[in-house]
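These are my notebook entries on a structure that I looked through feature by feature. I began with a word that I needed for sorting residues, and then went on to pockets, sheet, helices and unusual backbone spots.

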Amino acid sequence: MSQGNIKNLIFDLGGVIINLNTSLTIKAFAELSGRSLEEITEFSTTEPAFHLYEKGQITDTDFRTAIRTLTSKPLDDTSIDKAWNAMILDLPMERIKLLRSLKERHNIFLLSNTNNIHMACVNDVRIKASVESFDQLFHYDYYSHIMGKRKPDADIFEQVLEENNLDPAQTLFLDDNYDNINGASNLGINTLHVTSPNLLFEYFDER
């Protein structure tokens with residue numbers, strides 16, 4: 001893939017722009033519930049509430065109720081939110097500088113699977129990084145819980161392409177999740193599987 005052909009960049013958020021460690025949330029819920037890490041991990045991959053919440057199809061209250069049911073504990077809202085947000089870390093300044101540089105010569109978008117509780121935490125992280133809004137870094141930002149769709153389903157990528165008149169052959173999608181990469185690739189979008197923090201800088205040859 002020639003970078004010269006790429007006019008449009010679509011970035012994932014967690015694990016690509018903001019540092020993410022999902023094991024911290026797994027650990028936090030295991031400690032709250034007294035269940036094993038393996039049990040919590042299985043819940044996170046099989047419980048429908050997680051995907052429904054990312055699509056905005058259940059409320060914050062519904063999600064917290066699902067967590068209480070899964071853990072069999074009468075957890076308060078604050079404890080649930082703190083454990084749920086434990087995975088969200090920081091927004092490094094070097095990535096902010098990279099995005100600002102790329103925005104000068106590309107159409108640049110954000111496409112994130114997320115939810116209300118996480119976005120409140122993400123916005124706190126953004127503010128701590130002295131970024132007033134994601135409009136400073138992206139031409140447009142898309143969130144699954146607002147769109148009612150989630151990666152890796154084709155319809156979420158199709159909406160971004162259609163609304164912005166993007167040619168898949170001139171578009172690069174960057175994500176740390178291999179299933180999401182496959183979802184974009186199936187539509188003819190160029191992809192970069194972000195497997196390490198330095199990969200962005202190596203690919204764009206910037207530091």
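Entry 1, sorting residues. Before counting anything I wrote down that Ala, Val, Leu, Ile, Met, Phe, Trp, Tyr, Cys and Pro count as nonpolar, that Asp, Glu, Lys and Arg count as charged, and that the others, Gly among them, count as polar. I also noted that what I have in front of me is a predicted model.

Entry 2, the second largest pocket. I looked up its lining and found G15, V16, N19, L20, R95, D176, V194, T195, S196, P197 and L200. Sorted by the definition above, this lining divides into 5 nonpolar, 4 polar and 2 charged residues. The space in the second largest pocket comes to about 190 Å³.

Entry 3, the largest pocket. I noted a volume of about 990 Å³ for the largest pocket. Its lining is made by 37 residues, and those closest to the centre are L20, T22, E54, W84 and M87. I then asked which elements give two or more residues to this lining, and the list reads α1 (22-33), α2 (37-46), α3 (48-54), α4 (60-71), α7 (116-128) and α10 (178-185). The most comes from α2, which gives 5 residues. By type, the lining of the largest pocket holds 15 nonpolar, 15 polar and 7 charged residues.

Entry 4, the sheet. I reminded myself that strands of a sheet pair through backbone hydrogen bonds, either parallel or antiparallel. Which order do the strands take here? I read it as β3-β2-β1-β4-β5, an open sheet of 5 strands with parallel pairing. The edges are held by β3 (140-143) and β5 (190-193), and each has a single partner strand, so one side of each is left without a neighbour in the sheet. From one strand to the next, the twist averages 20 degrees. Looking at one pair in detail, I found that β2 (residues 107-112) and β3 run parallel and are joined by 4 bridges, and that F109 has Y140 of β3 as its bridge partner. I also saw that α10 lies across β4 (171-175) and β5, and that α10 runs at about 170 degrees to β5.

Entry 5, a pair of helices. Two packed helices are described by the angle between their axes and the distance between the axes. For α1 and α2 I wrote down axes that come within 9 Å and cross at roughly 115 degrees, in a right-handed crossing. The contact is made by I26, K27, F29, A30 and S33 on the side of α1, and by L37, I40, T41 and S44 on the side of α2. These contact residues divide into 5 nonpolar, 3 polar and 1 charged.

Entry 6, backbone exceptions. Most residues other than glycine have a negative phi, and most peptide bonds are trans. Where, then, is a cis peptide bond found? I found one joining K151 and P152, with omega at about 15 degrees, and P152 is in the loop between α8 (144-147) and α9 (154-163). I also noted S130, a residue other than glycine whose phi has a positive value near 65 degrees; S130 is in the loop between α7 and β3.

Terms used
Residues numbered from 1 in each chain as written. Predicted model: local features only at pLDDT ≥ 70, side-chain atom pairs only at ≥ 80, totals over all residues. Heavy atoms only, no water. 1 Å grid on protein atoms, 1.4 Å probe; cavity = no way out; pocket = protein on both sides within 12 Å on 5 of 7 lines; lining within 4 Å. Points joined across faces, edges and corners; volume = space filled by probe spheres on them. Pairing = 2+ DSSP bridges. Axes fitted to C-alpha atoms, helices over the stretch in contact; angles between N-to-C directions. Contact = heavy atoms within 4.5 Å. Left-handed = near helix turned anticlockwise from the far one by under 90°.
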